[in-house]
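Here are my notes on this one, in numbered points. Have the coordinates open while you read.

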Number of protein chains: 2
Amino acid sequence: MADARQAMYRQVAADLRHAITDGAYGSGGRLPAESALAEAYGVSRGTIRQALSVLRADGLVTSRRGTRRVVLGTARVPTFRESLSFTRWARSIGEEPGGRVVDIARVPADEVEREQLRLEAGDHVYRVLRVRTLSAVPVMVERTVYPERVGEIVAACDPAAVSHTVPMEERGVVITDAHHTIDVTGADEDDSRLLGCRVGDALLRERRRSTDPAGSPVEWAEDRYLPGTIAFAVHNSAAASSLSRRPAL
Amino acid sequence: MADARQAMYRQVAADLRHAITDGAYGSGGRLPAESALAEAYGVSRGTIRQALSVLRADGLVTSRRGTRRVVLGTARVPTFRESLSFTRWARSIGEEPGGRVVDIARVPADEVEREQLRLEAGDHVYRVLRVRTLSAVPVMVERTVYPERVGEIVAACDPAAVSHTVPMEERGVVITDAHHTIDVTGADEDDSRLLGCRVGDALLRERRRSTDPAGSPVEWAEDRYLPGTIAFAVHNSAAASSLSRRPAL
DNA sequence: TTCCCAAGGTTGGCTGTACAACTCCAACTT
DNA sequence: AAGTTGGAGTTGTACAGCCAACCTTGGGAA
């Protein structure tokens, strides 16, 4: 349970999550009734339901009226923050992340950037080109556009800094929502040079727009991965839908 | 609002969703306070919060303690069912979906299939190979494995049937959870023949395991798309995280 | 045996209340 | 002019209760 500063339902959710990933209920097994959990944790049923809805959204348990909840899978589900940060992700799978900033520039935002980052005409943005490595092997090229207030933080970082999200968080930039588009694209000359592939080779592309709790865009990024280095995993459920297809541009 | 058989919070969510996609609050605008909405709809604040949590998970609105909710985007978000069915997706973007079953076979499940579909030794599965088209142009090859009870339904379908999910739903097979893995792979000979590309060409691959409300697997599928025909869109938030990266196999 | 039905258990949905934590803005102080 | 404080407004968390919808089980009926 730990940390009393956390909301009760989060503590319960974390505890149940551990119990599930430790296999306490087995895969395909049944959870105790909500009322039983409520009594066990000494909280109301509403709080238990809140905790379970978190696990439901993560795809750890199902729910169906009339019968106990079923454990769907016992795999560890990354937290939201891990899923956003290349560095955190790499460390969580036991790889050593690295990288370096190839190019960074403060320029007036073009029309697309103004639209994506919701800026006014004349506002400036920081464009960052970065190559990222796992165990010193280049696997991804990242092109990110930041609005001025965020870009200043990134520009102040060491070009070889492993993580940009950590300093951003320390400076109060918090990301709570991200919208991703995943498809395939061909390598351009920069990609070719930085990743060691040929121009035109297929790369797995993730485009991402992240926003803070106030709804202001924090970054607009395009990541290109060498095939075979990464896969994206998505869970969706009738309770919390999140994956969709889109016609490619 | 419509249909009284729907739960109240879903009606409210649908109504607010329409209001938002119609631009009633603008992009970046603020929603009325929960208590105001509660009074307007004649329901309790709890019900409003339930409705808003749906929109939150879809990335339509943010939420932050102390201040009103902000409209994140006004784009239409596909429903869970649309995102699962190629046919529904194609129609929703105004394309004419088609396809045909190339091969279907009832065979004993191999070890991987038993693991994925949670079957016993000796159980049989249906393996289906299918090519799918948009406006008569092949764009995707689909390899699906069904457990026996579901496979029987699919096997009874016309090989040229546009949709398998519709008959499945009519026969009481409901999907409530799906786990997807998205990456890039090379075309094999079947892909090459059916999609008209060369062996080894890069394809966007989606692997999917779907389960019903009881937690029993309903299908295990691998879809391979020609590059440029589709992109996957994902929203995740601190409230309902569901995207993760995975090391490629 | 097989089918049907009733009863009990369980989750879904909704209401109402209370307080805590936080944001924002205006008025005040320095 | 700049910083501080305080209060009103808003969402987050938690509790308690009620009924409906649904599933499972077991016993009775055919």
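1. A residue counts as near a molecule or strand when one of its heavy atoms lies within 4 Å of it. With that cut-off, 76% of the atoms of DNA strand D within 4 Å of the protein belong to sugar or phosphate, and the rest belong to bases.

2. Some housekeeping before going on. This is a predicted model, where local features need pLDDT of at least 70 and side-chain atom pairs count only at pLDDT 80 or more, while totals for chains, interfaces and linings use all residues. Residues are numbered from 1 along each chain as its sequence is written, chains are lettered from A and ligands numbered from 1 in the order in which they are written, and side-chain values use heavy atoms, with hydrogens and water left out.

3. Who surrounds the DNA? DNA strand D has 23 residues around it, and the closest are A:M8, A:T47, A:R65, B:R49 and B:R68. The surface near DNA strand D divides into 6 nonpolar, 7 polar and 10 charged residues (Ala, Val, Leu, Ile, Met, Phe, Trp, Tyr, Cys and Pro are nonpolar; Asp, Glu, Lys and Arg are charged; the others, Gly among them, are polar).

4. Now the polar contacts (pairs of N or O atoms within 3.5 Å; within protein, one must be able to donate a hydrogen and the other to accept it, and residues adjacent in sequence count only if both atoms are side-chain atoms). A polar side-chain atom of B:R68 sits 2.2 Å from a phosphate oxygen of DNA strand D, and a polar backbone atom of A:S44 is 2.9 Å from a phosphate oxygen of that strand. For B:R65, a side-chain N or O atom is 3.0 Å from a sugar or linking oxygen of DNA strand D. Helix 1 (8–21) and helix 3 (45–57) of chain A, plus helix 3 (45–57) of chain B, are the elements giving two or more residues to the surface near DNA strand D. Helices (H or I, at least four residues) and strands (E, at least two) are DSSP runs, numbered from the N terminus.

5. Next, the sheet. Its 8 strands form an open, antiparallel arrangement in the order 1(A)-2(A)-3(A)-6(A)-5(A)-4(A)-7(B)-8(A); strands pair if DSSP finds at least two bridges between them. Strand 1 (97–108) and strand 8 (243–247) of chain A are the edges, each pairing on one side only.

6. Where do the chains meet in this sheet? Strand 4 (residues 177–186) of chain A runs antiparallel to strand 7 (residues 230–237) of chain B, joined by 6 bridges. A:D177 stands opposite B:S237 there.
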